[in-house]
Amino acid sequence: MNDDIIVAIATSRLEAAISIIRLSGKDCIAFVQEFFTGKILNKASHTITYGYIKDGEQKIDEVLVNIYRGKRTFSGEEMVEINCHGGVYITQKVLNLCLKKGARMAEHGEFSKRAFLNGRIDLSQAEAISDLITAKNDYATELALKGIQGNISHFIEDLREDLIQIITQIEVNIDYPEYEDVEELTADSLLPKSQSLQKKMNHIIESSKNVHLLKDGISTVIIGKPNVGKSSLLNALLNEDKAIVTDIAGTTRDIVEGTIRLDNIILNMIDTAGIRDTDDIVENIGVHKSKELIHKADLVLLVIDGSAPLSKEDEELLELSKDTQRIIVVNKKDQGHNIDIEGISISARDNDIDALIQEIKKRFELGQITAGQEDILANARQIQLLQRASESLDNAIIAMKNQVPTDLIVTDLYDSWENLKEILGERAKEDLLDELFKRFCIGK
């Protein structure tokens with residue numbers, strides 16, 4: 001860790017009642033004392049002192065200064081917060097004075113980075129801080145707060161505890177077979193413990209797969225043949241005229257996007273080009289893009305004209321989207337239905353889409369996924385690492401079933417351990433040795 005002092009404006013760069021300028025680094029309290037009239041050098045940690053920020057003899061602002069000492073600060077090093085008046089000009093002037101005196105402008109996320117490097121938070125908690133800042137709904141906020149409080153750390157530690165018990169017992173049996181109070185292990189005795197651990201891992205992985213829907217929204221694609229009302233539906237959902245609506249087939253030639261919020265559900269909407277056979281080169285590119293998006297989306301809204309019989313294009317789209325998370329939307333109910341197909345009946349032109357909104361909410365009430373569920377990972381990186389840990393453990397389980405010697409099995413268990421450590425931003429095999437000595441008093 002560098003000893004340099006970093007500084008940044010911690011509040012919004014807008015006019016407000018107060019602004020906070022945050023500093024962190026070795027001896028930053030003494031650094032601020034050089035241009036602050038209040039006496040803070042001998043003050044206790046977590047205290048506030050009144051005074052003025054001065055540039056030479058010139059008073060710049062009347063402020064309150066918070067000081068934080070020792071390792072129990074957010075960043076794990078000395079910190080100072082200058083609470084100044086919230087004008088943009090005066091805030092910038094205090095910041096510039098800090099820079100002129102020798103502080104360095106903090107990089108994006110550097111205070112949290114120092115907290116991680118100094119052991120105040122693990123990587124999952126650092127990621128949760130970022131998630132909280134960018135949270136788009138209550139579910140994402142709740143998930144981020146759990147991460148900040150160490151929820152991920154706790155259940156990963158539980159998995160590591162189960163795994164370390166298996167590893168340490170194998171190692172002791174290999175290296176110290178004469179040690180009397182150590183249970184003699186066989187592949188048969190290791191197998192139930194390993195399978196139980198893998199079951200826990202896989203349960204967490206499955207519970208976490210929809211986390212991106214909570215945080216980033218549901219990727220929703222609207223498909224259908226030309227002129228069935230796709231753009232009208234998009235406009236009705238967005239409550240704005242974002243897509244061009246005409247009676248001319250092929251009007252939408254490219255992808256039109258927008259975002260809507262249905263209570264705590266976020267839909268990232270994509271209106272695609274009408275899918276049909278066409279000789280128009282530009283429209284044909286749009287049709288190709290539309291087909292690609294169908295299997296990438298979290299939700300497919302297949303719009304069908306309910307006032308006309310099913311066409312060849314409708315049949316093809318029903319087949320193309322049959323294995324997706326699909327809602328069939330039967331549009332133009334204001335014109336009467338002449339179609340026998342099960343779906344949600346709407347009139348996009350008249351903004352009569354309540355039935356569709358209720359169906360989407362029913363399918364994606366994601367709060368039910370997380371209600372009472374504590375063991376949920378927060379992002380793709382964490383899920384991928386736990387999947388790797390589970391795969392390595394699965395290799396060990398296969399070896400156990402094949403009666404492979406335990407000294408060979410332990411290699412896959414080490415790999416599983418490493419992946420669990422990396423979820424929290426830790427990578428070290430030395431702690432395995434620490435666990436061995438701590439648990440078995442080897443060498444006494």
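Author: Let's start with a term: a patch gathers residues with over 30% relative accessible area and no salt bridge, and nonpolar side chains are joined within 5 Å. Keep in mind that this is a predicted model.

Reader: Thanks! Which residues form a nonpolar patch on the surface here?

Author: Ile48, Tyr50 and Leu64 do, and together they have about 310 Å² of accessible area.

Reader: Let me pick out Ile48. Is Ile48 buried or exposed?

Author: The idea is to look at relative accessible area, where exposed means over 50%. Ile48 has a relative accessible area of 53%, so it counts as exposed.

Reader: Where is the place of Ile48 in the chain?

Author: Ile48 sits in strand 3, which covers residues 47-55.

Reader: And leaving aside its neighbours within four places in sequence, which residues is Ile48 in contact with?

Author: With that restriction, the contacts of Ile48 are Lys43, Leu64, Val65 and Asn66. Leu64 is also one of the patch residues. You can look at C-alpha atoms as well: those of Ile48 and Glu81 are separated by 9.3 Å, while the two residues are 33 apart along the chain.

Reader: Now for a strand that is covered. Which residues lie on the two faces of strand 1?

Author: Try reading a strand one side at a time. In strand 1 (residues 6-9), Ile6 and Ala8 are on one side, with Val7 and Ile9 on the other. All four are buried, so both faces are covered.

Reader: Which strands pair with strand 1, and in what sense?

Author: Strand 2 (residues 18-24) pairs with strand 1 in the antiparallel sense, over 4 bridges. Within that pairing, Ala8 has Arg22 as its bridge partner. Strand 6 (residues 104-105) pairs with strand 1 in the parallel sense over 2 bridges, and there Arg104 stands opposite Ile6.

Reader: How many helices and strands are there in the chain?

Author: The chain has 16 helices and 12 strands. Of its 444 residues, 50% count as buried. The accessible surface comes to about 22600 Å², with 48% of that belonging to carbon and sulfur atoms. Among contacts with a separation of 6 or more, 64% are between residues 24 or more positions apart.

Reader: Where does pLDDT stay under 50?

Author: The general rule is that predicted coordinates should not be read in detail where pLDDT is low. In this chain the average pLDDT is 81, and 81% of the residues score at least 70. Residues 241-255 stay under 50, and the model has 45 contacts for them beyond four places in sequence. The pLDDT is also below 50 over residues 274-286, a stretch with 30 contacts in the model beyond near neighbours in sequence.

Methods
Residues numbered from 1 in each chain as written. Predicted model: local features only at pLDDT ≥ 70, side-chain atom pairs only at ≥ 80, totals over all residues. Heavy atoms only, no water. Patch = residues over 30% accessible without salt bridge, like charges linked within 9 Å, V, L, I, M, F, W, Y side chains within 5 Å. Areas by Shrake-Rupley, 256 points an atom, 1.4 Å probe, with all protein chains shown as cover. Salt bridge = Lys/Arg side-chain N within 4 Å of Asp/Glu carboxyl O. Buried < 20%, exposed > 50% of the residue type's maximum accessible area, 1.4 Å probe, protein only. Pairing = 2+ DSSP bridges. Contact = heavy atoms within 4.5 Å. pLDDT = per-residue confidence, 0-100.
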